[in-house]
There are 2 protein chains.
Amino acid sequence: MEIYQTINVLIVDDEPNQLELLRYNLKQANFNVTSSDNGEKAVEIAEDILPDIIILDWMMPFLSGVEVCRKLRSQASTRQIPIIMLSARGEEGDRTLGLDIGADDYITKPFSPKELISRIKAILRRTRPSTVSEVLEHGNLKLYPGKRLVERDGIKINLGPKEFNILSTLMERPGQVFSRAQLLDNAWGHGVFVEDRTVDVHIGRLRKALSRHSNDKSWGNVIRTVRSSGYALALSENNVVS
Amino acid sequence: MEIYQTINVLIVDDEPNQLELLRYNLKQANFNVTSSDNGEKAVEIAEDILPDIIILDWMMPFLSGVEVCRKLRSQASTRQIPIIMLSARGEEGDRTLGLDIGADDYITKPFSPKELISRIKAILRRTRPSTVSEVLEHGNLKLYPGKRLVERDGIKINLGPKEFNILSTLMERPGQVFSRAQLLDNAWGHGVFVEDRTVDVHIGRLRKALSRHSNDKSWGNVIRTVRSSGYALALSENNVVS
DNA sequence: AGAAATATGACATTGATATGACAACTTTTA
DNA sequence: TAAAAGTTGTCATATCAATGTCATATTTCT
């Protein structure tokens with residue numbers, strides 16, 4: 001599977017050799033790698049750069065992987081970031097504990113670089129489809145994340161960056177309702193101070209763009225307004241009881 | 001983001017000017033403000049009024065922000081309340097310590113009122129408990145919390161926000177009887193002032209929506225009226241002792 | 001039957017979203 | 001580099017859905 005977007009990986013391991021090995025392999029696979037040999041620092045770095053995924057060694061002096069995981073989960077800004085735990089031995093108890101704590105996957109050493117990379121992609125496929133898919137489809141609407149291109153029936157649709165990001169977010173989880181706040185986080189980036197209502201305006205622009213040059217006016221309805229909650233990509237219009 | 005619900009903010013700062021400035025700006029933004037110029041008192045007040053969020057100055061004589069934070073975190077009743085720390089210098093060590101101690105965010109002076117307000121809102125929106133399960137089922141009724149969608153036999157049913165919230169509450173604990181007050185709390189939010197009887201009306205609307213376009217009249221009975229107590233999701237029709 | 005609780009239709013009001021306009025910015029283009 | 005074209009955030013206004021309450025009907029219990 002190809003990667004269509006820069007993906008930031010944070011690897012945390014106290015053993016220099018292991019760290020270097022991981023770094024090398026992930027770089028080869030086109031990931032953008034940041035590393036730390038120390039749990040404390042790792043937490044800070046994570047908060048700072050908000051990586052797309054974190055690879056965490058289980059056994060580390062001072063602040064263990066478990067504790068790092070816990071800290072990351074207790075912090076709103078890092079809570080959503082997927083974590084893969086690495087462990088020396090395949091002790092079942094460890095595995096359960098790791099997943100309990102909120103790790104998304106758990107790999108026992110030794111493992112092949114290839115395996116690690118597949119697992120990373122598997123998780124990203126679930127959490128960030130746009131980073132690993134060449135195209136997201138919904139009906140005859142296609143969105144190419146890497147090319148930042150949207151097509152309706154093969155015809156290119158021009159969207160501003162914000163509109164593109166919003167649509168991309170919505171298409172990652174069809175049907176899922178996103179609050180204005182979530183859309184702001186996703187499409188604008190974290191720590192941006194913009195009115196919630198601004199989202200409405202961009203949704204309006206997006207709808208207009210999607211239905212432009214089309215005789216099927218229902219295209220504007222691809223985006224469902226969920227009163228008091230936010231917006232979602234509409235699922236089939238059929239079978240609605242009102 | 002507009003604020004449609006009274007949000008209680010406790011601000012703690014020993015400097016009268018700063019305190020007044022904060023108070024003024026937050027009032028402007030429709031927050032309900034309580035303030036204290038002293039850490040000791042602040043802890044007491046917090047335990048007393050249980051604010052929705054606390055703005056805490058880092059540097060204070062006697063009981064510093066750090067210690068106040070620690071005290072609030074050690075107290076079960078105040079442990080969950082989000083805290084924003086204000087600090088004069090952007091010293092990285094401070095920041096880490098602040099977040100370590102359990103502050104939810106950390107702002108360095110000087111900052112614009114707009115920024116502070118945005119951050120408060122950001123935190124409040126994050127601390128709203130997120131939905132746990134992907135789908136709630138009851139008979140052939142399905143409710144998707146994340147999609148804000150309800151289906152009867154695979155057919156979508158449109159519900160207003162309040163009706164959706166009520167049904168969602170009921171389906172989280174099938175059979176459990178909820179008083180009107182409890183339903184108000186859950187579906188409307190805490191501290192809203194509406195008549196208990198209003199719940200009856202919404203239950204009526206919900207029943208109507210659930211049985212609409214269905215020849216099976218019994219659909220309205222999914223919600224059981226418990227005289228003098230409230231409402232509950234009806235369990236199986238069998239084994240009823242009358 | 002009589003009392004108490006609940007159900008329901010109607011309706012004014014509130015609340016939330018949609019939209020057009022505009023000024024401030026950015027990026028492209030010439 | 002300057003003009004042109006495109007983006008963006010905010011506001012004011014328009015539109016439409018959801019809500020809360022009341023009056024009245026109906027049900028339930030004793």
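In this predicted model, Glu44(B) belongs to helix H2 (residues 39-49) of chain B. Glu44(B) is classed as exposed because 11 other C-beta atoms lie within 10 Å, and a residue with 12 or fewer such neighbours counts as exposed. Its C-alpha atom lies 9.5 Å from that of Leu72(B), a residue 28 positions away in sequence.

The opposite class is illustrated by Ile81(A), which sits in the loop between helix H3 (65-74) and E4 of chain A. Ile81(A) has 20 C-beta neighbours inside 10 Å and therefore counts as buried; the threshold for that class is 20 or more. Not counting residues up to four places away in sequence, Ile81(A) touches Ala46(A), Leu50(A), Pro51(A), Ile53(A), Ile54(A) and Leu72(A). By contrast, Gln176(A), 95 residues from Ile81(A) along the chain, is separated from it by 19 Å between C-alpha atoms.

**Chain A: overall content and the parallel sheet**

Chain A has 242 residues, of which 32% count as buried. Its secondary structure consists of nine helices and twelve strands. Among contacts in chain A with a separation of 6 or more, 55% join residues 24 or more positions apart.

Five strands of chain A form an open sheet with parallel pairing, in the order E2-E1-E3-E4-E5. Strand E2 (32-36) and strand E5 (105-108) are its edge strands, each pairing on one side only. On average, neighbouring strands in this sheet are turned by 20 degrees against each other, direction ignored. Within the sheet, strand E3 (residues 53-57) of chain A runs parallel to strand E4 (residues 83-87) of chain A and is joined to it by four bridges. Across this pair, Leu56(A) stands opposite Met85(A) in E4(A).

Two helices pack against these strands. Helix H1 (residues 16-28) of chain A touches strand E1 (8-12), E2 and E3 of chain A, and its direction makes about 170 degrees with that of E2(A). Helix H5 (residues 113-127) of chain A lies across E3, E4 and E5 of chain A and runs at about 175 degrees to E5(A).

**Chain A: antiparallel pairs**

Strand E7 (residues 141-144) of chain A takes part in two antiparallel pairings. Three bridges connect it to strand E6 (residues 136-138) of chain A, and four bridges connect E7(A) to strand E8 (residues 149-152) of chain A. Both pairs are hairpins, summarised below.

| Hairpin | Residues between strands | Turn residue with positive phi | Bridge partners |
|---|---|---|---|
| E6(A) and E7(A) | two | Gly139(A), near 60 degrees | His138(A) and Leu141(A) |
| E7(A) and E8(A) | four | Arg148(A), about 50 degrees | Leu143(A) and Val150(A) |

**Chain B: helix H7**

Helix H7 (residues 180-188) of chain B has three buried residues, Leu183(B), Leu184(B) and Ala187(B). Seen down the axis of H7(B), these buried residues fall within an arc of 105 degrees, so they line one face of the helix. An α-helix has 3.6 residues a turn, so residues three or four places apart point the same way. The cover over the buried residues of H7(B) includes helix H6 (161-172), H8 and strand E11 (230-233) of chain B. After H7(B) comes Gly189(B), with a positive phi near 110 degrees.

**Surfaces near the DNA strands**

Around DNA strand C there are 17 residues, of which Gly204(A), Thr225(A), Asp200(B), Gly204(B) and Thr225(B) come nearest. Helix H9 (197-211) of chain A and helix H8 (197-211) of chain B each supply at least two residues of this surface. By class, the surface near DNA strand C comprises five nonpolar, six polar and six charged residues.

DNA strand D has 21 residues around it, and those that come nearest are Gly160(A), Glu195(A), Gly160(B), Lys162(B) and Glu195(B). Two or more residues of the surface near DNA strand D come from each of helix H7 (161-172) and H9 of chain A and H6 and H8 of chain B. The surface near DNA strand D divides into eight nonpolar, five polar and eight charged residues. H9 of chain A and H8 of chain B thus appear in the descriptions of the surfaces near DNA strand C and DNA strand D.

Conventions
Residues are numbered from 1 along each chain as its sequence is written. Chains are lettered from A and ligands numbered from 1 in the order in which they are written. This is a predicted model: local features need pLDDT of at least 70, side-chain atom pairs count only at pLDDT 80 or more; totals for chains, interfaces and linings use all residues. A residue is near a molecule or strand if its C-beta atom, placed from the backbone, lies within 6 Å of it. Ala, Val, Leu, Ile, Met, Phe, Trp, Tyr, Cys and Pro count as nonpolar, Asp, Glu, Lys and Arg as charged, and the others, Gly among them, as polar. The arc is that of the directions from the helix axis to the C-beta atoms. Two residues are in contact if their C-beta atoms, placed from the backbone, lie within 7 Å. Two strands pair if DSSP finds at least two bridges between them. Axes are lines fitted to C-alpha atoms, for helices over the stretch in contact, and angles run from 0 to 180 degrees between N-to-C directions.
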